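Have a look at the chain below and turn it around a few times before reading on. We'll take the strands first, then some single residues, then the pockets.

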Amino acid sequence: MQLFHYHCWTDKVEEMERFYQESGFETTLRVGRYNGEMHTFNPPLNWEDFRDKDIRFRIIEMVKGQTNLTLGHGKRDMFDHIGFLVKDPEYSKVIERAKELKWKVNEGERRTFISTPWKFRIELQKRREVVTEEKHPSIQAMEIHMPFCEDPALVSSLLDFELIEQSSGKVKIRDGECTLTFCNSEKKEASLHSIMYLANQDFNKVDPVHTTLIGRTQKLNQ
């Protein structure tokens, strides 16, 4: 199981795309509503070609190494979901556990979404082509802030991760590939606070929706 993906909605779509392009990500897909219908505006088209056409982008997909991110137009910044690449046996077991938890499962041909009590979703993806053959960057850890309306340790039950820390303010879970940290927040919605990558160089920067991106050349000591 590989943590590879995150998605947000934002009113700063062009700024977000530019930020990640400057960080080495390649835009692979743009789909947006124009004149009442959905159209693609994929590269080699760029924002100079369509900025004045009042397009409302449903999805812009960007890829670098083992990391895939998507974003779409929203009225404000809002974290939507994270995604895991899974194999068939893993997929079946996670779906079975989600149903035992009575969490909503929306299965599709291309991907499946599981809705959590914290108003963010978990995507299960079996198509390896959503990332590249390059190893870096790969996501090693994420920190998500959210109200503890339900016990975040339930995510470890869903994913079959090890529960390594649990308190009223923080829950940390991990498997052999990645670590997820959940921090209790007074805000009503979940937010993606930070992402740590295994990368070719060290970096620390903040994207336009205020997610901190940390790159390390050494694998995270879990």
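What follows is a walk through strand pairings, a few residues and their contacts, and two pockets.

First, some ground rules: this is a predicted model, in which local features need pLDDT of at least 70 and side-chain atom pairs count only at pLDDT 80 or more, while totals for chains, interfaces and linings use all residues. Residues are numbered from 1 along each chain as its sequence is written, and side-chain values use heavy atoms, with hydrogens and water left out.

Let's start with β2 (26–34). Strands here are DSSP runs of E with at least two residues, numbered from the N terminus, and two of them pair if DSSP finds at least two bridges between them. β2 pairs with β4 in the antiparallel sense over 7 bridges, and V31 stands opposite I59 of β4. β2 is also joined to β3 (residues 37–40), again antiparallel, by 4 bridges; here G32 has H39 as its bridge partner. The hairpin of β2 and β3 has 2 residues between the strands, and N35 takes a positive phi near 55° there.

Now move along to β11, β12 and β13. Strand β11 (residues 162–166) runs antiparallel to β12, with 4 bridges joining them, and E162 sits opposite R174. The hairpin they form has 3 residues between the strands. On to the next turn: β12 and β13 are antiparallel too, joined by 5 bridges, with I173 opposite L180 and 4 residues between the two strands of the hairpin.

β12 itself is worth a pause. In a regular strand the side chains alternate between the two faces of the sheet. Along β12 (residues 170–174), V171 and I173 point to one face and are buried, whereas K170, K172 and R174 point to the other and are not. Buried means under 20% relative accessible area, exposed means over 50%, and partly exposed is in between (1.4 Å probe, protein chains only).

In the neighbouring hairpin strand, β13 (residues 179–184), you'll find T181. T181 has a relative accessible area of 8%, so it counts as buried. Setting aside residues up to four places away in sequence, T181 touches M142, E143, I144, K170, V171 and K172, where contact means heavy atoms within 4.5 Å.

Another threonine, T211, is in the loop between β15 (203–206) and β16 (212–216). T211 is buried because its relative accessibility is 5%. A polar atom of the T211 side chain lies 2.9 Å from the backbone oxygen of L192. Beyond four places in sequence, the residues T211 touches are L192, H193, S194, I195, K205 and V206.

How about charged residues? E61 belongs to strand β4 and is buried, with 18% relative accessibility. The E61 side chain makes a polar contact of 2.7 Å with the side chain of N68. A polar contact is a pair of N or O atoms within 3.5 Å; within protein, one must be able to donate a hydrogen and the other to accept it, and residues adjacent in sequence count only if both atoms are side-chain atoms. K126, in the loop between β9 and β10 (138–146), is partly exposed at 42% relative accessibility. The side chains of K126 and D88 share a polar contact of 3.1 Å, and K126 also touches V86 and Y91.

Finally, the empty space. A pocket is an open set of points on a 1 Å grid over the protein atoms alone, where a 1.4 Å probe fits and protein lies on both sides within 12 Å along at least five of seven lines; lining residues have an atom within 4 Å of a point. The largest pocket has a volume of about 410 Å³, volume being the space filled by probe spheres set on the points, with grid points joined across faces, edges and corners. Its lining has 21 residues, with D77, A190, S191, L192 and V209 nearest the centre. L192 is also the residue whose backbone oxygen faces the T211 side chain at 2.9 Å.

The second largest pocket holds about 300 Å³. Of its 16 lining residues, I59, E61, R110, R111 and R127 lie nearest the centre. β4 gives the most to this lining, with 3 residues.
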